[in-house]
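Thanks for coming. I have one structure to go through today, and I will take it strand by strand and then chain by chain. Please have the picture open while I talk.

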Protein chains: 4
Amino acid sequence: MKINKYVDIETLGSEAKKDYIDRHSPFIHTAATAKKGEKLEVKVVMGKEYKHPDDFDHYISTMELWDGETLLGRTEYAAGSQSNAPVNQEVSFFIVPSKNLKLIAQAVCTKHGLWQSDEVLVEVQ
Amino acid sequence: MKINKYVDIETLGSEAKKDYIDRHSPFIHTAATAKKGEKLEVKVVMGKEYKHPDDFDHYISTMELWDGETLLGRTEYAAGSQSNAPVNQEVSFFIVPSKNLKLIAQAVCTKHGLWQSDEVLVEVQ
Amino acid sequence: MKINKYVDIETLGSEAKKDYIDRHSPFIHTAATAKKGEKLEVKVVMGKEYKHPDDFDHYISTMELWDGETLLGRTEYAAGSQSNAPVNQEVSFFIVPSKNLKLIAQAVCTKHGLWQSDEVLVEVQ
Amino acid sequence: MKINKYVDIETLGSEAKKDYIDRHSPFIHTAATAKKGEKLEVKVVMGKEYKHPDDFDHYISTMELWDGETLLGRTEYAAGSQSNAPVNQEVSFFIVPSKNLKLIAQAVCTKHGLWQSDEVLVEVQ
């Protein structure tokens with residue numbers, strides 16, 4: 001078993017491969033800088049160009065936000081929370097940083113295992 | 001063990017009681033109407049007028065969103081995700097409704113147990 | 001939304017009602033006394049006389065163990081962990097008590113919500 | 001961020017390194033063969049020769065059981081569930097297999113991240 005990591009889909013040949021990688025990858029959307037002690041929104045969204053199914057036996061069950069080796073928050077979903085239709089599943093965590101962040105998102109697909117985003121650095125002033 | 005429920009704090013006599021009830025209660029913030037099959041943001045925030053500590057042995061560990069008897073999503077936090085300072089902890093779930101919603105939020109405080117919001121109805125068209 | 005509580009099924013008239021209550025109720029199985037600082041097995045089992053389905057859209061997703069208002073442990077299941085066949089779902093938590101315990105189990109059925117066991121007292125010497 | 005994997009501690013030079021690796025590694029204890037459709041106990045225990053602390057800011061928060069890329073079950077712990085004393089934390093999952101299993105355990109330490117066991121094969125007849 002492995003952690004699947006995001007690969008720039010422009011480098012991939014087949015459409016099927018691009019779709020598979022993109023729809024399973026969590027992407028982090030947040031500000032490049034934040035204020036110490038103030039609330040920061042960190043949005044995690046599955047996929048950029050392709051959607052993932054929300055079927056009973058195949059859906060995104062978990063989205064997590066880590067700062068380095070520390071788990072900040074974790075969201076779990078029941079199948080059907082997206083009305084069983086393909087979607088770019090999304091959650092906004094709100095954290096209060098006290099030092100620079102090295103954010104990583106992870107997600108679990110009930111069929112295709114554990115996926116990890118690229119690292120996103122946030123400078124905390 | 002019981003589910004603690006929100007009580008309008010204006011009806012409470014003591015400041016300590018208002019603080020205790022308010023800071024442990026999850027509040028749902030969302031639109032009164034939504035479109036079938038379109039993404040809907042449902043924000044859950046702890047407290048309105050008082051903040052809850054984020055201490056290692058006393059913090060909000062869980063915030064959940066239910067539609068009637070169905071769990072839509074659940075977020076867990078590690079102690080310290082809010083820099084160990086008092087906060088109105090917050091998360092935004094994004095769901096895709098297919099029918100009218102009867103939303104309820106629940107939260108767990110690691111010292112003071114399980115808390116439940118008032119019900120919020122969303123008309124889905 | 002409410003916490004459904006166990007009712008002695010011998011007091012219930014209909015077979016359907018007995019089945020419904022029993023298969024959704026978590027039962028705690030553990031010793032009546034335990035030694036301070038030593039590991040104690042606390043088994044939680046769904047149902048006594050009736051089994052619950054493990055279907056993709058209807059299964060036991062969560063079993064929890066509480067000591068009073070404190071959550072000790074929580075187990076989550078994916079649909080299909082029981083091969084999609086009816087079962088008395090079961091988990092053994094191992095805890096190390098430092099004082100008397102007032103154990104309560106809770107479980108979530110993805111269709112029928114939150115259920116709570118009777119309280120079980122453990123004297124810790 | 002990475003998944004830390006178990007390394008045979010006999011191959012390691014320093015006592016500190018052996019302790020670090022062993023106490024963070026989940027070990028799977030189960031039968032080599034199982035019967036299709038019958039309940040199988042799969043015990044997961046942290047460490048073999050060394051114990052992990054259960055401090056408020058440093059404890060094992062999660063133990064998971066996977067079959068290949070499929071998450072079967074996940075247990076979460078609150079700090080203090082082991083009375084804040086070093087322990088070989090343990091849980092017994094009960095699953096009902098329908099085909100051969102390729103079991104892997106994962107665990108999260110709130111300070112030292114994600115750890116993965118060796119793979120354990122179970123032949124299901």
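Start with Phe93(C): its bridge partner in β7(D) is Val91(D). The strands here are DSSP runs of E with at least two residues, helices are runs of H or I with at least four residues, and both are numbered from the N terminus. That bridge sits in a pairing of strand β7 (residues 90-95) of chain C with strand β7 (residues 90-95) of chain D, which is antiparallel and has 3 bridges. Two strands count as paired if DSSP finds at least two bridges between them.

Before I go on, a word on the source. This is a predicted model, in which local features need pLDDT of at least 70 and side-chain atom pairs count only at pLDDT 80 or more, while totals for chains, interfaces and linings use all residues. Residues are numbered from 1 along each chain as its sequence is written, chains are lettered from A and ligands numbered from 1 in the order in which they are written, and side-chain values use heavy atoms, with hydrogens and water left out.

Back to the strands. The two β7 strands belong to an open sheet of 6 strands, in the order β2(C)-β4(C)-β7(C)-β7(D)-β4(D)-β2(D), with antiparallel pairing. Why do β2 of chain C and β2 of chain D each have one side without a neighbour in the sheet? Both strands (26-29 in each chain) stand at the edges and have a single partner strand each, so one side is left free of a neighbour. On average, neighbouring strands of this sheet are turned by 20° against each other, direction ignored. For such angles, axes are lines fitted to C-alpha atoms, for helices over the stretch in contact, and the angle between N-to-C directions runs from 0 to 180 degrees.

Now chains A and B. Here too there is an open sheet of 6 strands, with the order β2(A)-β4(A)-β7(A)-β7(B)-β4(B)-β2(B) and antiparallel pairing. From one strand to the next, the twist averages 20°. Within chain A, β4 (residues 40-46) and β7 (residues 90-95) pair in the antiparallel sense over 6 bridges. Look for Leu40(A), which stands opposite Ile95(A) in β7(A).

Next, the interface of chain B and chain A. How many residues does the contact take from each chain? It takes 24 from chain B and 24 from chain A, where contact means heavy atoms within 4.5 Å. The buried area is about 2,000 Å², and carbon and sulfur atoms give 46% of that. Buried area is the accessible area (1.4 Å probe) that two parts lose on being put together, summed over both.

There are 2 salt bridges between chain B and chain A, each being a side-chain nitrogen of Lys or Arg within 4 Å of a carboxyl oxygen of Asp or Glu. One salt bridge joins Lys39(A) and Glu90(B), with the closest N and O atoms 2.7 Å apart. The rule also finds 18 residue pairs in polar contact across this interface, both residues at pLDDT 80 or more. A polar contact is a pair of N or O atoms within 3.5 Å; within protein, one must be able to donate a hydrogen and the other to accept it, and residues adjacent in sequence count only if both atoms are side-chain atoms.

On the chain B side, β6(B) gives the most, with 7 residues. β6(A) and β6(B) run antiparallel and are joined by 5 bridges. In that pairing, Arg74(A) stands opposite Glu76(B).

One residue to look at is Ser83(B), in the loop between β6 (70-77) and β7 (90-95) of chain B. Beyond its neighbours within four places in sequence, Ser83(B) is in contact with Val96(A), Pro97(A), Ser98(A) and Asp54(B). The Ser83(B) side chain reaches the backbone oxygen of Val96(A) at 2.4 Å. A polar atom of that side chain also lies 3.2 Å from the backbone nitrogen of Ser98(A).

Last, chain A and chain D. Here 23 residues of chain A are in contact with 23 residues of chain D. The area buried between them is about 1,600 Å², of which carbon and sulfur atoms give 54%. How many salt bridges does the rule find across this interface? It finds 0, and the count of residue pairs in polar contact, both at pLDDT 80 or more, is 0.
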